[in-house]
Every structure is written in structure tokens, then in C-alpha cells.
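Trainee: Please take me through this structure, setting each value against the definition it depends on.
Mentor: Certainly; let us begin with confidence and then turn to the fold.

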Amino acid sequence: MSCPKVLEDAIEGLYAAFSRYPLPEETMPCSCCHASDANALLHAEPLRKLGWKHLGEYAKDALLVWGGLEDFKHFLPRIFDLLLNASDWKKGTPSPERVFRRFHNGEWRTWPHDEQTAVEKMLDAVWETVRSNPPIEGGYIDVDQWLCSISQCKDDLGPYLNKWMEDERLSAGWALSSLILGSTIAYTGPDHTMPASENDVERIAKIQEWFKLPHRGAWWKRCDTQYAQLQEWVRSPAALEKLRRAEIGCGNAEMVRELANAQRCIRRRGRRSGSQFTEIDSTRRPIGNLQLIGCIERCQLGF
Ligand SMILES: [Zn+2]
């Protein structure tokens, strides 16, 4: 994600709020899950110079099988500094949803007020940045994943969706078409559980069928409410209208096609709303939105 001022400030806010937690001598990684030098890696460089090769494994397992809350709070600013500034996937990079899940595991709503405020500001800055940038070519975290990451911390996506609806910038409309065309949000049903049956043979066949259907990302499993909220919003007439406004106002033939395709996905899904799941429309990505960056200059689009 490219790093505008709002994100930069939020990251500095994390460094300031959590600076009271000193570097722990021993972080106690579980010896069956991690190598014997795991703790030493966390001490290899000063905090602001640590990279994923030092922090990647820790960020995945902190609070679960590696160290306590105060240890995590020491490393937290650097972990999110790395994650929010990452423009491409490198070896050792953990999934963003998994890293954001640490807030849930650490029960961040019980933390001191200034620490919670710093985290809130970071979440707001992430969302502002997602809405104000065109999807990044080669970026490894998409709109669906950012929303899933925020959902690991927040029980209610409502305020984020309201901001999105009010945001009339073309970039915000593009983020919406990117979500629709780049994820399964338009195609998944309300029931995400694997089928169960008494009869084994029948069950295997049903499960095989189930696997052929479109599914949401695995981390949404922990955030059913937020997913339902997002899905309802994405399929609402107001969201459709938002795409339509972006289509009319964008003044670019390639983008018109993309925004029109996103509307088509939603409308088609609406006509088949009787079924739990719908097969993904294989024609929905005639131009991948990531490819668009290559052929359209940012300045032409007014970002
Ligand atoms: Zn272990």
C-alpha cells in the first residue's frame, strides 16, 4: 500500500503510544513450533530496522505460542509499519488478516485509552488509504483482505461502509469494483458451513460439490457478522448506484467497462438470489483492474 501522510502519521502514532514497552530479553517462543534462534532474531536489529526475516514468524504466533502481551506491544509498531508499507509479497511475509487477528487475541479493547486510540487511528488510516488509492499493480493485499483485516479488530463495519458510501472520489468507486470483481463477495451465500450427513458416501460427494463452489477467504470464518454486513452493503441498490455514478463520471473507456462489469455481477447475483451460492461468472474479468494501472496514468484519473 502506498503510504500517504495519514498512514505515515498513524504508524508514528503507534511507535509513540507503545514506546513505553521495553525490548524484552527473552520472549519464550514455543520450542516445538520455532527454531532455537527464534528469540535472537527479534534482537538482531534495532526496532525500526527489523524486517520480516526477523519478525515474520513472531507476527504470526505472538500471544498464541510466543511471548506475552507486553512483548507484543513492544514489537507491534514495527510489525504494522512493515505490513502497511509492504508493496509486494516477500518471503516470510505473514497474511495481513493473521497479523490483525493479534489485536483480538490481545483483547485490545481492554488496553489503556491512548493505546486504543492509536490503534483506531491506524485502522482509519488503512481504510482511508484503501479508498484513496487505485488498486496497486502487484500489490499482494486486496480490498477484500483489508476489510477482512479490519474485521479482525472491529465487530461493526458500519462506520467504514458509511465512509465508503459518502466518498465520491473515483478511487473509492474503483475500490468497490475491485472488491466485486476480485473476490467472491457477489457469489457466496449466507451459509458457509461444510455439509454434514449421516451417510459417509453421500457426505463425501456433498463435500466435493461444496468445494467446487465459490468461497470467501478463510479468515472471514471468524467474522460472520461483518461479512454479512459487507455483503448486504455491496449488493444494495445504493452501492449499485455508486458504481453507476463512478461509471458516468470516470471519463475513461477501460474504467467504464470495469465499473459496468461490477454492476453486472451484482445484478446477476440479485436475479438468482434464491440459491445459497452462485457459480462465478467466468466472463467477469475481461480486463483485470490491476492491469489497468499499466495503461492509464494516475494523473489522467485525478488521483
Ligand atoms: Zn509449539
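**Confidence, core and helices**

Trainee: How do you know that residues 272-276 call for caution?
Mentor: Over residues 272-276 the pLDDT (the predictor's confidence in each residue, from 0 to 100) stays under 50, and the model has five contacts for them beyond four places in sequence. A contact is a pair of residues whose C-beta atoms, placed from the backbone, lie within 7 Å. Residues 283-303 also have pLDDT below 50, with 34 contacts in the model beyond near neighbours in sequence. Where pLDDT is low, the predicted coordinates should not be read in detail.

Trainee: On what terms is the remainder read?
Mentor: This is a predicted model, in which local features need pLDDT of at least 70 and side-chain atom pairs count only at pLDDT 80 or more, while totals for chains, interfaces and linings use all residues. Residues are numbered from 1 along each chain as its sequence is written. The protein averages a pLDDT of 85, and 84% of the residues score at least 70.

Trainee: Which elements have the lowest and the highest mean pLDDT?
Mentor: Helix α14 (residues 289-295) has the lowest, 35, and helix α8 (residues 158-166) the highest, 98. Helices (H or I, at least four residues) and strands (E, at least two) are DSSP runs, numbered from the N terminus; by that rule the protein has 15 helices and zero strands.

Trainee: What makes Ser197 exposed?
Mentor: A residue is buried if 20 or more other C-beta atoms lie within 10 Å of its own, exposed if 12 or fewer, and partly exposed in between, with C-beta atoms placed from the backbone. Ser197 has 12 C-beta neighbours inside 10 Å and therefore counts as exposed. Ser197 is found in the loop between α9 and α10, and its contacts, leaving aside neighbours within four places in sequence, are Glu202, Arg203 and Lys206.

Trainee: Why is Met28 called partly exposed, and what of Glu107?
Mentor: Met28 has 14 other C-beta atoms within 10 Å and is therefore partly exposed, whereas Glu107 has 10 and is exposed. Met28 lies in the loop between α1 (5-17) and α2 (38-41), with phi near 55 degrees, a positive value in a residue other than glycine. Glu107 lies in the loop between α5 (96-105) and α6 (113-132), and its phi, near 50 degrees, is likewise positive.

Trainee: Where does the largest nonpolar core lie?
Mentor: A nonpolar core is a set of buried Ala, Val, Leu, Ile, Met, Phe, Trp, Tyr and Cys residues joined through C-beta atoms within 7 Å. The largest has 64 residues, of which Leu14, Ile79, Phe80, Met122, Val126 and Ile180 touch the most other members. Domain 1 (5-132) and domain 2 (158-300), with bounds from an automatic or database domain assignment, both give residues to this core, so it lies between them.

Trainee: How do you know that α10 lies largely in the open?
Mentor: Of the 13 residues of α10, the number buried is zero, so this helix lies largely in the open.

Trainee: What makes α11 one-sided in its burial?
Mentor: In helix α11 (residues 224-234), Gln226, Tyr227, Leu230 and Val234 are buried. They cover an arc (of the directions from the helix axis to the C-beta atoms) of only 100 degrees, which puts them on the same side of α11. The face turned away carries the exposed residues Thr225 and Glu232.

Technical notes: Two residues are in contact if their C-beta atoms, placed from the backbone, lie within 7 Å.
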